[in-house]
Amino acid sequence: VSAAAREVVLPTYRVTIARGALASVGDVARTIAPAHRYAIISDSNVAPRYAAAVAATLGAESRLFTIPAGETHKTRDTWAALTDDLLAAGFARDTTVIALGGGVVGDLAGFVAATFMRGVPYLQVPTSLLAMIDASIGGKTGVDTRAGKNLVGAFHQPSAVIADPDLLRTLPADHLRAGLAEALKHGVIADSDYFAAVAELARNPESHLDSDGFTDLVARSVEIKADIVRRDEREGGVRKTLNFGHTLGHAIELCSDYSMLHGAAVAAGMVLESALAERIGVAAEGTRARIQQAVLDAGLPIRAPRAMRAGDILQATRGDKKARGGRVEYALPARVGAMAGAESGWAIAVSDALVREILI
Ligand SMILES: NC(=O)c1ccc[n+]([C@@H]2O[C@H](COP(=O)([O-])OP(=O)(O)OC[C@H]3O[C@@H](n4cnc5c(N)ncnc54)[C@H](O)[C@@H]3O)[C@@H](O)[C@H]2O)c1
Ligand SMILES: [Zn+2]
């Protein structure tokens with residue numbers, strides 16, 4: 001494990017971020033969530049690369065369950081198959097689940113852990129940047145349904161999170177960039193200096209994979225997300241700030257039929273929503289320009305694809321969980337480093353007419 005190891009302590013678990021940390025999964029599991037047997041849940045891209053290394057740290061009493069990679073498999077069917085497989089393999093109450101993969105595996109394996117035998121412990125071992133800085137933190141687990149994403153699930157906090165940035169070397173480049181969009185988001189929400197550091201790294205992320213740049217980045221993003229989640233475990237208020245870029249981002253992602261990566265759609269969403277924030281007078285002048293430049297330098301999109309119609313995007317925001325009483329709510333920045341809207345529960349309702357103006 002690198003000397004630059006970092007730890008972020010949450011109320012009920014700790015997050016370890018270090019190059020080489022994968023080798024410590026067994027020790028952490030035996031110390032924090034000891035079990036008779038360990039169920040490693042991973043996907044068809046990650047398992048061939050990393051599951052054997054994790055299994056080796058766990059000893060004889062582990063077994064690998066591999067699901068097909070991709071969001072289309074984050075379903076109740078996959079959950080049912082996994083729980084059936086666990087039962088068929090003789091797993092019982094004395095089980096710890098190890099979620100080894102990106103956010104899809106994290107959400108799904110977390111939901112298996114939340115429900116199997118009415119709940120068993122689990123460790124998050126995130127392998128994508130998005131999972132390291134976002135999906136593995138906060139205890140939200142679940143699956144997608146035909147009616148929409150993440151509509152069935154449970155809050156279930158992991159016993160520990162172990163993030164090894166060396167694993168990012170094999171993550172496809174577009175997924176690395178998509179993850180950086182969420183790191184930029186954390187900077188906008190809470191820390192202007194961090195925003196600048198992410199923007200700098202994002203100009204050439206590959207060149208930082210052999211240094212501790214990503215260790216620092218993951219640690220700071222986890223601190224920011226953890227701090228917000230700690231203040232608001234069930235999304236009553238301040239947790240809404242994490243939705244910056246996501247109201248329009250989700251709408252764009254949906255209108256692309258999910259051909260755009262989530263982080264790419266969120267990047268465009270952040271640029272558009274910061275323009276909206278300036279337009280309605282809650283953001284300082286120059287906020288959008290700074291965000292747009294960083295997004296551009298990161299090779300991420302600054303707007304919706306030209307073929308996408310403003311009316312369709314608006315329509316899609318209405319289906320969003322954040323739509324309340326016919327008006328759509330946005331989490332908007334006051335400037336890079338601070339969010340607006342504390343007095344209205346961190347959500348600012350904006351009329352479609354204004355949103356349409358910034359979309360065209
Ligand atoms: N629970 C939460 O709070 C939360 C927050 C944000 C996102 N999410 C969820 O996370 C999911 C998206 O996560 P994601 O972007 O990690 O997607 P993902 O899990 O599909 O991973 C992206 C791709 O990269 C591959 N991959 C992952 N790590 C790799 C590695 N180290 N080397 C090579 N390939 C690797 C995966 O197999 C997959 O093909 C969505 O389902 C989203 O809803 C959850
Ligand atoms: Zn997101």
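The following exercises, each with a worked solution, concern the predicted model shown above.

Residues are numbered from 1 along each chain as its sequence is written, and chains are lettered from A and ligands numbered from 1 in the order in which they are written. Because the model is predicted, local features need pLDDT of at least 70 and side-chain atom pairs count only at pLDDT 80 or more, while totals for chains, interfaces and linings use all residues; side-chain values use heavy atoms, with hydrogens and water left out.

**Exercise 1. The zinc site**

Task: Determine which protein atoms are the donors of the zinc ion (ligand 2) and how they are spaced along the chain.

Solution.
Step 1. Donors are N, O and S atoms within 2.8 Å of the metal (3.2 Å for Na, K and Ca); water is not among the atoms, so sites may look incomplete.
Step 2. The protein donors of the zinc ion (ligand 2) are Glu182 (OE), His246 (NE2) and His262 (NE2), at 2.0 to 2.1 Å from the ion.
Step 3. Along the chain these donors follow the spacing E-x63-H-x15-H.
Step 4. Helices (H or I, at least four residues) and strands (E, at least two) are DSSP runs, numbered from the N terminus. Since His246 lies in helix α9 and His262 in helix α10, the pair ties together parts that are 16 residues apart in sequence.
Step 5. Buried means under 20% relative accessible area, exposed over 50%, and partly exposed in between (1.4 Å probe, protein chains only). His246 is buried at 6%, and His262 is buried at 18%.

**Exercise 2. A buried glutamate and its contacts**

Task: State where Glu253 is found, whether Glu253 is buried or exposed, and which residues Glu253 touches.

Solution.
Step 1. Glu253 is found in helix α9.
Step 2. With a relative accessibility of 3%, Glu253 counts as buried.
Step 3. Contact means heavy atoms within 4.5 Å. Not counting residues up to four places away in sequence, Glu253 touches Lys149, Tyr258, Met260, His262 and Ala265. One of these, His262, is also a donor of the zinc ion (ligand 2).
Step 4. Another residue touched by Glu253 is Tyr258, which is found in the loop between α9 and α10. Tyr258 has a positive phi of about 65 degrees although it is not a glycine, and Tyr258 is partly exposed at 41%.

**Exercise 3. The packing of α10 and α11**

Task: Describe how helix α10 (residues 262-279) and helix α11 (residues 287-297) are arranged and which residues make the contact.

Solution.
Step 1. Two packed helices are described by the angle between their axes and the distance between the axes.
Step 2. Axes are lines fitted to C-alpha atoms, for helices over the stretch in contact, and angles run from 0 to 180 degrees between N-to-C directions. The axes of α10 and α11 come within 8 Å and cross at roughly 170 degrees.
Step 3. Angles under 35 degrees count as roughly parallel, over 145 as roughly antiparallel, 65 to 115 as roughly perpendicular and the rest as oblique. The two helices, α10 and α11, are therefore roughly antiparallel to each other.
Step 4. On the side of α10, the contact is made by Ala267, Met270, Val271, Ser274, Ala275 and Glu278; on the side of α11, by Thr287, Arg288, Ala289, Ile291, Gln292 and Val295.
Step 5. Ala, Val, Leu, Ile, Met, Phe, Trp, Tyr, Cys and Pro count as nonpolar, Asp, Glu, Lys and Arg as charged, and the others, Gly among them, as polar. The contact residues divide into 7 nonpolar, 3 polar and 2 charged.

**Exercise 4. The buried face of α13**

Task: Identify the buried residues of helix α13 (residues 352-359) and the elements that cover them.

Solution.
Step 1. The buried residues of α13 are Val355, Ile358 and Leu359.
Step 2. Seen down the axis of α13, these residues fall within an arc of 105 degrees (the arc of the directions from the helix axis to the C-beta atoms), so they line one face of the helix.
Step 3. An α-helix has 3.6 residues a turn, so residues three or four places apart point the same way.
Step 4. What covers the buried residues of α13 includes α9 (246-255), α10, α12 (310-318), β11 (327-330) and β14 (348-350).

**Exercise 5. Sequence separation and distance in space**

Task: State how far Ser24 is from Thr57, and Ala33 from Gly249, along the chain and between C-alpha atoms.

Solution.
Step 1. Ser24 and Thr57 are 33 residues apart along the chain, with their C-alpha atoms separated by 7.1 Å.
Step 2. Ala33 and Gly249 are 216 residues apart along the chain, with their C-alpha atoms separated by 37 Å.
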